[in-house]
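Me: I would like a close look at one part of this protein. Please start with the whole and then work inward.

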Amino acid sequence: SAFVLPILKEKKWDDKPEGIAALAVLLLQDLAVAPLLVVLPLVAGAGPQTSTEFMILVSKATLGFGSVLYLGSIALKKAFDVVAATRSTETFVAAALLVAVGMGNAAEALGLSSTTGAFAAGGLLADN
């Protein structure tokens with residue numbers, strides 16, 4: 001959707017029904033990615049085997065990762081204000097990579113995939 005939206009605006013299709021429908025489908029796909037990243041290991045058989053293990057994973061995913069996202073959004077706003085003050089592209093790229101790797105590690109520590117963490121990092125970075 002990040003690539004398609006500018007093209008829709010450039011061709012002035014963003015106000016047409018076809019453009020709105022295309023954007024709606026793209027947003028639905030974006031929203032469907034997060035649950036699929038959590039469910040995919042379960043389907044592959046690499047996830048928890050019992051219902052207790054599954055409930056522990058669900059609680060880690062919602063409470064643990066939710067709090068990481070909340071605290072991360074607060075911390076990133078302050079951190080990226082400092083990064084923006086440097087006016088250095090390299091510093092911004094390094095900070096963004098650090099966020100992606102850090103969120104991947106946080107997700108793995110909670111028993112989720114690093115891909116889920118990287119997806120969440122993208123959400124945090126898009127918000128800042």
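How many helices and how many strands does the secondary structure of the protein come to? After that, take me to the place where the helices pack, and to the loop between α4 and α5.

Reply: This is a predicted model. Its secondary structure comes to five helices and zero strands. Along the sequence, the pattern reads α-α-α-α-α.

Now the overall form. The C-alpha atoms fill a box of roughly 50 × 40 × 20 Å along the principal axes. The radius of gyration is 18 Å, while a compact globule of 128 residues would have one near 14 Å. Buried residues account for 20% of the 128 residues. Take the contacts between residues at least 6 apart in sequence: 53% of these join residues at least 24 apart.

Next, the packing of α3, α4 and α5. Start with α3, residues 51-86, and α4, residues 89-109. Their axes lie 11 Å apart, at an angle of about 165°. Angles over 145 degrees count as roughly antiparallel, so α3 is roughly antiparallel to α4. The crossing is right-handed. On the α3 side, the contact is made by Phe65, Val68, Leu69, Leu76, Phe80, Val83 and Thr86. On the α4 side, Thr91, Phe92, Ala95, Ala96, Val99, Met103, Ala106 and Ala107 take part. By type, the residues of this contact divide into 13 nonpolar, two polar and no charged.

Move on to α4 and α5. Helix α5 covers residues 114-127. The axes of α4 and α5 come within 7 Å and cross at roughly 135°. That angle makes α4 oblique to α5. Here too α4 passes α5 in a right-handed crossing. From α4, the contact uses Ala96, Val99, Ala100, Met103, Gly104, Ala107 and Glu108. From α5 come Ser114, Gly117, Ala118, Ala120, Ala121, Leu124 and Leu125. These residues split into ten nonpolar, three polar and one charged.

The third pair is α3 with α5. They pack at an angle of about 40°, with axes 10 Å apart. That makes α3 oblique to α5. Their crossing is right-handed. Helix α3 brings Phe65, Leu69, Gly72, Ser73, Leu76, Lys77 and Phe80 to the contact. Helix α5 brings Thr116, Gly117, Ala120, Leu124, Leu125 and Asp127. The tally for this contact is seven nonpolar, four polar and two charged.

Some residues turn up in two of these contacts. Phe65 of α3 is in the contact with α4 and in the contact with α5. Met103 of α4 is in the contact with α3 and in the contact with α5. Leu124 of α5 is in the contact with α4 and in the contact with α3.

Now zoom in on the loop between α4 and α5. Leucine 112 is found there. Is this residue buried or exposed? Its relative accessible area is 9%. Buried means under 20%, so leucine 112 is buried. What does leucine 112 touch, leaving out residues up to four places away in sequence? The answer is Leu57, Ala61, Phe65 and Ala107. Two of these names are familiar: Phe65 and Ala107 also take part in the contact of α3 with α4.

Finally, compare leucine 112 with leucine 8. They are 104 residues apart along the chain. Their C-alpha atoms are separated by 35 Å.

Conventions
Residues numbered from 1 in each chain as written. Predicted model: local features only at pLDDT ≥ 70, side-chain atom pairs only at ≥ 80, totals over all residues. Heavy atoms only, no water. Axes fitted to C-alpha atoms, helices over the stretch in contact; angles between N-to-C directions. Helix = DSSP H or I, 4+ residues; strand = E, 2+ residues; numbered from the N terminus. Parallel < 35°, antiparallel > 145°, perpendicular 65-115°, else oblique. Left-handed = near helix turned anticlockwise from the far one by under 90°. Contact = heavy atoms within 4.5 Å. Nonpolar A, V, L, I, M, F, W, Y, C, P; charged D, E, K, R; others polar. Rg over C-alpha atoms; globule rule 2.2 N^0.38 Å. Buried < 20%, exposed > 50% of the residue type's maximum accessible area, 1.4 Å probe, protein only.
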